[in-house]
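Hi everyone, thanks for making time this morning. I'd like to walk you through a structure that may be new to you, so please have it open as I talk.

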Amino acid sequence: MTIHSLAIKQPLCEGIIHFDTRRSARAEQVGGKGASLIAMHNAGLPVPNGYCISVALFEEFLEQTQLLVHFDLNQGATQWRALAEAILIASIPEHIAEQISNAASLLIGPVAVRSSATDEDSESHSFAGQHLTKLAVEGTDNILQAVKACWASALSDAAFQYRQTLGQATELPKIAVVVQQMQFGDVSGVAFGQHPTTLEQNAFIIEGCYGLCEGLVSGQVSSDSYHIDKTHGELLAHATQPKQHQVVYLNGDIKKLSVPPTLQNEPVLNHIDQQALYSVLRQIESYFGRPQDVEWTISDGKVWLLQSRPITSQKVKPEPFYLGNKSMHVQKDILWSRMDIGEIFTGRMTPLGLSFAQYYQTRVHIDCGKKLGLLDLGEANETIAYYKGHVYLNVSYTAWQLSQTPVGADQTPFLARFSSEAIDLTGYENPYGTAHSHPDMTPKQCLKYWIKQNIKEFFQAKRRAKSMIASRYEEFDRVQVQDITALSHEALNDEFTHCLTYFKTMHEGYLPYYINAFACYGLLEELSAKWLGDKSKHLQNKIKGDMSNLRTVASAQELWQLCKVLNAWPQVKDVFTNKTISEIEDFLTTTSLGLRFSQGPLANFMRDNGVRGREEMELTNPRWLDDRTYVLQMIKLYLKQGYEVDGALAEQTQKQQKISRDLLNELSWTQRFTINRVISLYCGCAKLREETRMSMTTSIWLIRRVVYEVARRLLQKGLLTHLDDVAYLDFENIIKYLDKRCTAEHLVDQAQLNKHRTQYQQWQTQPEPPLTFIGQPNSQPDLIFDPSLTSLQGLTTSEGFCRARACVITDLATQASDFQKGDILVAPFTDASWTPLFALASAVVTDIGSMLSHSSIVAREFGIPCVVNTHHASTLINTADVVTIDAHRGLVIVDKED
């Protein structure tokens, strides 16, 4: 006899309603989720079998235990929380427990226990994420505990705040519980019958991940997206992301594990899966008669529906973009850019990262102008804006601010530096003015102040750089002996205050080197064009000077030196050569020899380079110290493929110096002397910029360290579900929490966390916004990918010609091991943490960048071709494609059939 037939013969009682009773159930009885599941099951849709514990049984539980007598729910969240705690410790009356247990006996193996409130999953609001779900629950006692936990979740702080936000009465919630046969899917996800932002209903928007859907809806794992036409089932668009992790059921528990490397970049849904899912989604929408928000899983090739609810999204208002206070007359002509802004705001950021960027904007950025000699420091709200997770620089305002100095008087170079090819600056007039003006500051006063500050800078620059470099080692050594987990709340706040002060000091010290290098670069470009004509093209890139000590390039040199040190550690070298990364990590942490190497040569390398990480201002990205996987992979790659970094740099230095001499010999003595002086200034500023950049990077790591300690403590208190949820916290609220100006509950306000999570997930499904635009973001089209392209045009930043295998890397830590010596490195963008890979690459191609971006500078250092600003290289090109790079014309040609 089947489980299905057993359930049919089970008598229907008021407290328990089985899915297959062939009776409809109302939301008032079993909640929105339960009513939907029963309806779909009765309609023959593929819903795992189960039953609902009705609202009536919950109310009977409260009556029998007399819990309501002790609490007044009208008194607010404190009383709600107290009742929730009382529910968790109360015993379920025997006759109620017996009904639940009898129903549970009809299901085999682990079950999912889900809350189902009467006011959730409705057309007006979903309560998504506010109530509890327990997965893979086994045994009667555990099921009973899970049921109580679901009941209690209706009274959680998150649910209370959500109801208040919706303006609902905060009387006793009516909640049912769904107990359902667990389906352990190979892939899972969500699907929408309506676009979450445009509200178009012509396609199903599907998000899919490996493992259980819990990983996706909680934001722990990344996913692929598919847009399937509702009428014909055609795949309209898809995007495959690197998927490093999956949430799975293993050894009786739900765990987050790594996805096998061979699957990380593969689509989670093949064509057959897509069509099977499309067919089921059509049936659901036909049954309910309106677009649905669906959770699904595919197990052994079969689609299962985990829940479906009406889409509650309203027409989304455009994101607030401009934060300043200028008139529309000014706003419509502002030039905005996200082209490698300092190379620390390059990618799409999490809500935590964006709020940290806003802290930088209001507390740090403006004051950095003091050492640049700016008398008028300007208005913080004018400098930066945010759109679809990206940080945009107000180029017009910054150019206008810099025009109060002699080197910035001509705004054209700065405006052009941050403009993509989509923007035509011919005839462009800065809406802030062609020259700086201020009612309280005359041009003469601004000039006098600039001269005074730059004289000070001339004498202090090297001394300050030396102090900044020393301070980063002092800070690093200080925290190595600090047990941050043992600090009291007050001591942790003191540590954070110190870190924020250090962060500000390092940024104020670093920016003059960055701006001065840019100014010298522009002057070099101008003089070479004037005196050498056509031969001046990219002269500033060919002139080498003595820049082999660049801190960025030094990381690759020092990693190679570490590899050579392994010759004196033959057993350790053998482990790196023949073992996997996880085995190497285990060896370094559990064996005496491994610990000696880890605490000796490897620790010395980490002291110099360990605070590096991709997109440093994004606090959720681990640094090499936090996760040394990438470093171990690069050591393994260098040992396997062999590469003399020093030799490559020396060869390129000789080549560049010969080109420089040949070009400069065509000039007069005075011209040659002048250009050599500019070259010397540029190299000096660039050297100081790169050396002090590590101090700035260290300051960000120190802040990240405290933020994650706060998250660890919140997790320990049960206020965060996953450590990954730190991505949805607000940085300013973290400051307030540590300073005791807000409570932990306010910091982890669930309604706000869910809002941030939803917004971030929506950003990830949307096309990349334009690199630069004038006025509003919609004045330029998003960077829509055309999969039929066979070539891309970009900006040449290091000349040459190359034809080779491509290796596409979008996640450095997990994909670096795929790289082979001689590959063309293809990436959305690069920063300092990518440098070791350049030593193995035959060429570099990026989606975004400029002449002074990291990829361009380091490619020139290694003498390899580089094309940036291709927009879609990392999407169009696949690893193992044969690619031709014509870096004389900025052309990238993809031969997918070779």
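I'll go through two sheets, then a helix with its two partners, and finish with a pocket.

One thing to keep in mind throughout: this is a predicted model.

Let's begin with the smaller topic on my list, the sheet around E16. Four strands make up this open sheet, in the order E15-E16-E14-E17, and their pairing is antiparallel. Which strands sit at the edges? They are E15, residues 384–387, and E17, residues 772–774, and each of these pairs on one side only. On average, neighbouring strands here are turned by 30° against each other, if you ignore direction.

Now zoom in on one edge. E15 and E16, the latter covering residues 390–394, run antiparallel and are joined by four bridges. One pair to look for is Tyr 387, whose bridge partner in E16 is His 390. As general background, strands of a sheet pair through backbone hydrogen bonds, either parallel or antiparallel.

Two helices pack on this sheet. Helix H11, residues 351–365, touches E15 and E16, and its direction makes about 170° with that of E15. H13 touches E14, residues 335–337, as well as E16, and here the angle with the direction of E16 is about 40°. Please remember H13, as we'll meet it again.

On to the other sheet. Here eight strands form an open sheet with mixed pairing, and the order is E18-E25-E24-E20-E21-E22-E23-E19. The edges belong to E18 (791–793) and E19 (795–798), each pairing on one side only. From one strand to the next, the twist averages 25°.

At the E19 edge, three bridges link E19 to E23, residues 866–868, and the two run antiparallel. There you can find Ser 798 opposite Cys 866 of E23. Helix H31, residues 854–862, lies across E19, E22 and E23, running at about 175° to E23.

Next, helix H20, residues 581–590. How does H20 cross H23, which spans residues 629–641? Their axes come within 10 Å and cross at roughly 105°, which means that H20 is roughly perpendicular to H23. On the H20 side, the contact is made by Ile 581, Ile 584, Glu 585 and Leu 588, and on the H23 side by Thr 629, Leu 632, Gln 633 and Lys 636. Sorted by class, that contact has four nonpolar, two polar and two charged residues.

H20 also packs with H21, residues 592–599, at an angle of about 90° and with the axes 5 Å apart. So these two, H20 and H21, are roughly perpendicular to each other as well. Phe 587, Leu 588, Thr 589 and Thr 590 of H20 meet a set of H21 residues that includes Leu 593, Leu 595 and Phe 597. What about charged residues in the contact of H20 with H21? There are none: this contact has five nonpolar and five polar residues.

Last stop, the second largest pocket, with a volume of about 1200 Å³. It is lined by 42 residues, and those closest to its centre are Asn 516, Ala 519, Cys 520, Leu 681 and Cys 685. The elements giving two or more residues to the lining are H13 (395–402), H14 (412–417), H15 (443–480), H16 (489–532) and H25 (669–716). So that's where H13 comes back. By class, the lining divides into 24 nonpolar, eight polar and ten charged residues.

That's my tour, and I'm happy to go back to any part of it.

Conventions:
Residues are numbered from 1 along each chain as its sequence is written. This is a predicted model: local features need pLDDT of at least 70, side-chain atom pairs count only at pLDDT 80 or more; totals for chains, interfaces and linings use all residues. Side-chain values use heavy atoms; hydrogens and water are left out. Axes are lines fitted to C-alpha atoms, for helices over the stretch in contact, and angles run from 0 to 180 degrees between N-to-C directions. Angles under 35 degrees count as roughly parallel, over 145 as roughly antiparallel, 65 to 115 as roughly perpendicular and the rest as oblique. Contact means heavy atoms within 4.5 Å. Ala, Val, Leu, Ile, Met, Phe, Trp, Tyr, Cys and Pro count as nonpolar, Asp, Glu, Lys and Arg as charged, and the others, Gly among them, as polar. On a 1 Å grid over the protein atoms alone, a cavity is a set of points where a 1.4 Å probe fits but cannot get out, and a pocket is an open set with protein on both sides within 12 Å along at least five of seven lines; lining residues have an atom within 4 Å of a point. Grid points are joined across faces, edges and corners, and a volume is the space filled by probe spheres set on the points. Two strands pair if DSSP finds at least two bridges between them.
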